[in-house]
Amino acid sequence: MTAKTIINKLGTLILIAMILGIVVGLVLGETAQIFAPIGDLFMQLIKMVVVPMVFFSLIGGAASLGNSSSAGKIGLLTFVYYTITTVIATAIGLVFSLIFKPGEGISLASLGVQASSEYADKGGIPGFWETLIGFVPANPFEALVSGNILQIIVFSLFIGFAIANLTGEKKEFLLKFFNYMTEVTVKIMTAIMCIAPLGVFGLMAGSIGKFGSEILVKLVYLVVLYIVVLAIINYGIIGGSVAMFSKCTTFKQFFKSMYKVQLFAFTTASSMATLPLNMKTTIEELHVSRETTSFALPLGATINMNGNAAYYAMAAIFFAQMFGVELTFTQYIAIIFTSTVGAVGQAGVPGPTLLVVAVLMSANIPIEALPILFGVDRIFDMLRTAVNITGDAACATIVDRFRTKA
């Protein structure tokens, strides 16, 4: 089987690997730990590439977004809408996880690890101002070497926006360079994902062998809770914003028109693949101008990831509760910040669950158990994509109202 074939069938292969891992773990019990090193190797490879991937992709993304100022009022309103709704989605995911506690019930002893992970010295800065100061790296290279994700994000954004303000060949050269480097890291991650089924099998077998079917119940609980959160975001936040601010459509008409687009997004799990149908529906059925649609929807397919942001926050709290990590106010802020910015920077990266690594690292939460989510990632991916593209269309209907007033 070629690498391309593996990637095309990755969701199916990971699902099969997860099921096999569960069966082997239940049958062999503690003996299934012999497969754990395969998963450990897979996780080590992921950790190897996550920092350069975040660094290069955010620089390229920030530099590209800097060009949106030329779109004037449409660009500003679009970016503001996407930012606000993403932050709200992240906060909702975080609050629901804190209230309903999907990760509680598995003791540290049963996991066989310590709450203080290898990232324990990369955060935990007390106080509001100390938190803000801690976002800014005194030595950016030290932040890169130590893997301080929050500082890497801030440094990347500064570089990206600075590049956006350059002119001529300098800007073009640097933009191409960082975009090419992003492609390189994506290629590396794609290669690593070729062994993802093996890694998932090893870690699922080891995890189930260590703490039994208990984790399966928790995963089902997390999926159900995520569906509830997405429903609130979809109908409450996105639908509510349409009802309040849009003049070209109503709440009922909006979701009636978007149903087929949501269904297509759910089945493909791709905002980009859904873009043509979303644009056609937005122009013809939601009565948004072609000018606004042509700007807001392609940008939204790249940076508007409400469902992703909520998922990152929920996964972070899930693992914090699983490992018994008591989070501080500073760490909650880190989760919200990294989930929001990480959702913006995730476009084009295979396997969005991998970016949970950055969120977990920012809040000093152990990442060892992350692969247990890989098997059900396709379910999460389909759900969040349907919500993401709905937010894109909603933004277009709202921004078009203010554009016509100009």
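**Helices H11 to H18 and their buried contacts**

Helix H13 comprises 14 residues, and the distance from its first C-alpha to its last is 19 Å, close to the 20 Å expected at 1.5 Å a residue. This description refers to a predicted model. A kink of about 35° is present in H13, with its centre on leucine 277. The buried residues of this helix are Ser271, Thr274, Leu275, Asn278, Met279, Thr281, Thr282 and Ile283.

In the chain to which H13 belongs, 18 helices and zero strands are found. Of the 406 residues in the chain, 54% are buried. Among the contacts in the chain with a separation of 6 or more, 84% are accounted for by residues 24 or more positions apart.

H13 is paired with helix H12 (residues 251-268). The axes of H12 and H13 (residues 271-284) come within 9 Å and cross at roughly 180°. The two helices are therefore roughly antiparallel to each other, since angles over 145 degrees count as such. On the side of H12, the contact is made by Ser257, Met258, Lys260, Val261, Phe264, Ala265 and Thr268, and on the side of H13 by Ala273, Thr274, Leu277, Asn278 and Thr281. Leucine 277, on which the kink in H13 is centred, is thus one of the residues that form this contact.

The 18 residues of H12 should span 26 Å at 1.5 Å a residue, and the end C-alpha atoms lie 25 Å apart, in agreement with that value. H12 nevertheless bends by about 45° at tyrosine 259. Its buried residues are Phe254, Phe255, Ser257, Met258, Val261, Gln262 and Ala265. Several of these, including Ser257, Met258, Val261 and Ala265, also take part in the contact with H13. Just after H12, a positive phi of about 55° is adopted by alanine 269. Most residues other than glycine have a negative phi.

Alanine 269 is also touched by threonine 385, a residue of helix H18 (residues 377-405). Besides Ala269, threonine 385 touches Ala265, Ser270 and Ser271, when residues up to four places away in sequence are not counted. Of these, Ala265 is among the buried residues of H12, and Ser271 is among those of H13. Threonine 385 itself counts as buried, because its relative accessibility is 3% and the limit for burial is under 20%. A polar atom of its side chain lies 2.7 Å from the backbone oxygen of aspartate 381.

Beyond H13, the loop between H13 and H14 contains histidine 287. Although histidine 287 is not a glycine, its phi is positive, at about 60°. With a relative accessible area of 51%, histidine 287 is exposed. A positive phi is also found in asparagine 364, a residue other than glycine, with a value near 60°. Asparagine 364 is located in the loop between helix H17 (356-362) and H18. In contrast to the exposed histidine 287, asparagine 364 is buried, with a relative accessible area of 7%.

Helix H14 (residues 290-303) includes threonine 293. At 0% relative accessibility, threonine 293 counts as buried. The side chain of this residue reaches the backbone oxygen of serine 289 at 2.9 Å. Apart from residues up to four places away in sequence, threonine 293 touches Met279, Thr282, Ile283, Val288 and Pro298. Met279, Thr282 and Ile283 are among the buried residues of H13.

Helix H15 (residues 306-322) has 17 residues and extends 24 Å from its first C-alpha to its last, close to the 24 Å expected at 1.5 Å a residue. Because 17 of the 17 residues of H15 are buried, this helix is largely enclosed by the rest of the structure. H15 is followed by glycine 324, whose phi is positive, near 70°.

Isoleucine 233 lies in helix H11 (residues 214-245) and counts as buried at 1% relative accessibility. With its neighbours within four places in sequence left aside, isoleucine 233 is in contact with Ala89, Ile92, Ile238, Asn306, Ala310 and Val387. The C-alpha atoms of isoleucine 233 and glycine 307 are 8.1 Å apart in space, whereas the two residues are 74 residues apart in sequence.

Methods: Residues are numbered from 1 along each chain as its sequence is written. This is a predicted model: local features need pLDDT of at least 70, side-chain atom pairs count only at pLDDT 80 or more; totals for chains, interfaces and linings use all residues. Side-chain values use heavy atoms; hydrogens and water are left out. Helices (H or I, at least four residues) and strands (E, at least two) are DSSP runs, numbered from the N terminus. Buried means under 20% relative accessible area, exposed over 50%, partly exposed in between (1.4 Å probe, protein chains only). A polar contact is a pair of N or O atoms within 3.5 Å; within protein, one must be able to donate a hydrogen and the other to accept it, and residues adjacent in sequence count only if both atoms are side-chain atoms. Contact means heavy atoms within 4.5 Å. The expected span of a helix is 1.5 Å times one less than its number of residues. The bend at a residue is the angle between axes fitted to the seven residues ending there and the seven starting there. Axes are lines fitted to C-alpha atoms, for helices over the stretch in contact, and angles run from 0 to 180 degrees between N-to-C directions. Angles under 35 degrees count as roughly parallel, over 145 as roughly antiparallel, 65 to 115 as roughly perpendicular and the rest as oblique.
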